[in-house]
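Thanks for making time this morning. I would like to walk you through one model, so please have a look at it before I go on.

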Amino acid sequence: MTALLEIENVTVSFDGFKALNDLNFAMNEGELRVIIGPNGAGKTTFLDVITGKVQPTTGQARFQGKDLKKQAEHTIARLGIGRKFQTPRVYLNLTPRENLELSCNRDKNVFATLFKKTPTAEKRTVGGLLETIGLDHKADVPAALLSHGEKQWLEIGMLVAQSPDLLLVDEPVAGLTDEETEQTGNLLISLAQSHSIIVIEHDMEFVRQIARQVTVLHEGSVLCEGTMDEVQNDPRVIEVYLGQETHVTPEQMLLLRIAATMAWADNNFDPVQQAVILERLSQQFSSDSEERAQLKADLNNLLGKNIPLEELVPQLTTDAQREQALMLSYEVISSNQINPIEARLYQQLVTLLGLPPETVSRLEAAALENLPS
Ligand code: ADP
Ligand code: MG
């Protein structure tokens with residue numbers, strides 16, 4: 001199979017600062033590839049190189065075997081690379097149908113498109129697109145009345161209307177509700193049946209929903225590549241994400257690490273255990289639903305670490321924290337059947353915490369009450 005896109009040893013320097021640093025990347029036709037990486041990793045610059053907005057200082061970029069170097073942006077677009085920017089660029093005073101009709105006619109005169117009758121074949125395409133992006137019921141209302149998510153889908157539709165061979169999508173779910181996020185995921189998965197797509201994204205839960213192959217960028221280079229599970233458990237990736245600013249306080253982080261260590265006890269971090277940790281902690285740390293969602297996303301990005309309890313427990317400073325740690329840990333290991341390895345580690349935790357036995361029994365009973373029956 002020939003690669004659809006090949007990036008070879010590409011460096012992009014801005015006044016000596018390397019936004020991309022000897023980057024190598026390849027993807028095949030038909031792939032849905034997700035690119036993640038902390039802020040400043042070079043993700044947007046990577047897309048800028050592919051679309052010709054930024055020229056590599058050194059190195060090569062090829063699309064369908066064609067050298068992209070020194071090609072103008074509009075030439076590259078015509079080669080079949082379409083890009084969706086972070087903020088939607090739709091005409092707000094036009095309806096979704098009209099916006100899509102314009103996109104189908106990008107190369108033609110805008111006024112001609114507005115005033116001429118749309119040919120039937122084209123109408124069908126627009127109708128099909130409206131259905132694909134889930135906006136057929138809002139086809140004829142001004143785009144200004146659409147939700148943020150619906151505008152994003154419209155813009156994805158407008159991109160698809162130009163039949164690109166490769167779709168580039170930059171952070172499509174930033175600012176969307178959970179439900180819109182999931183629908184966006186479904187839309188991208190369905191488009192992936194007939195398109196090659198690169199998605200850049202921060203939201204790990206979303207990445208988990210859509211990702212097959214993930215590429216992690218860090219400091220302008222590829223840090224690692226693999227399935228979501230491989231990538232999320234890669235110590236280098238965890239380090240990079242832990243180094244990033246989060247909404248999680250050090251006390252919360254400590255609790256999270258203890259819970260994660262419990263969950264990792266048998267080297268099998270069950271999704272049920274993961275869900276328990278995220279639910280419980282985000283509930284404990286905030287009563288505001290938006291803040292909770294943010295915390296949950298942050299916590300999810302930090303789950304990978306497995307640190308010895310002897311290191312973690314002494315860092316707990318109050319009895320209240322020690323009690324929280326015990327209760328959460330008991331809840332986590334009880335969320336599916338406790339196996340001997342988990343039981344042993346839990347016993348070690350109890351000893352290290354040094355709480356009175358009656359407190360331990362009380363907290364264990366309370367933890368079991370928390371679990372869904
Ligand atoms: P990401 O999208 O992963 O957050 P970017 O590709 O936007 O990262 O940026 C990578 C790095 O390059 C950042 O440190 C950014 O400040 C720097 N950078 C990006 N564009 C320019 C530019 N035009 N001039 C100078 N520095 C830039
Ligand atoms: Mg960016």
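Let me begin with a question: which residue in β8 does R33 stand opposite? It is I198 that R33 faces there, and I should say at once that this is a predicted model. The two strands involved, β3 with residues 32-36 and β8 with residues 196-200, run parallel and are joined by four bridges.

That pair belongs to an open sheet of six strands with mixed pairing, ordered β6-β7-β8-β3-β9-β10. Since β6 (81-84) and β10 (221-226) stand at the edges with a single partner strand each, one side of each is left without a neighbour in the sheet. On average, and ignoring direction, neighbouring strands here are turned by 20° against each other.

Turning to the helices, α6 lies across β6 and β7 (166-170), and its direction is at about 170° to β6. The axes of α6, residues 148-161, and α7, residues 178-191, come within 10 Å and cross at roughly 10°, and the two helices are therefore roughly parallel to each other. In their contact, G149, E150, W153, I156 and V160 of α6 meet E180, Q183, T184, L187, L188 and L191 of α7, a set made up of six nonpolar, three polar and two charged residues.

Finally, a word on internal space: the structure holds one cavity of 30 Å³ or more, and the largest cavity has a volume of about 50 Å³. Its lining includes V49, P56 and K69, while strand β4, residues 58-63, supplies the largest share, three residues. By class, that lining has five nonpolar, four polar and one charged residues.

Definitions and conventions:
Residues are numbered from 1 along each chain as its sequence is written. Chains are lettered from A and ligands numbered from 1 in the order in which they are written. This is a predicted model: local features need pLDDT of at least 70, side-chain atom pairs count only at pLDDT 80 or more; totals for chains, interfaces and linings use all residues. Side-chain values use heavy atoms; hydrogens and water are left out. Axes are lines fitted to C-alpha atoms, for helices over the stretch in contact, and angles run from 0 to 180 degrees between N-to-C directions. Angles under 35 degrees count as roughly parallel, over 145 as roughly antiparallel, 65 to 115 as roughly perpendicular and the rest as oblique. Contact means heavy atoms within 4.5 Å. Ala, Val, Leu, Ile, Met, Phe, Trp, Tyr, Cys and Pro count as nonpolar, Asp, Glu, Lys and Arg as charged, and the others, Gly among them, as polar. On a 1 Å grid over the protein atoms alone, a cavity is a set of points where a 1.4 Å probe fits but cannot get out, and a pocket is an open set with protein on both sides within 12 Å along at least five of seven lines; lining residues have an atom within 4 Å of a point. Grid points are joined across faces, edges and corners, and a volume is the space filled by probe spheres set on the points. Two strands pair if DSSP finds at least two bridges between them.
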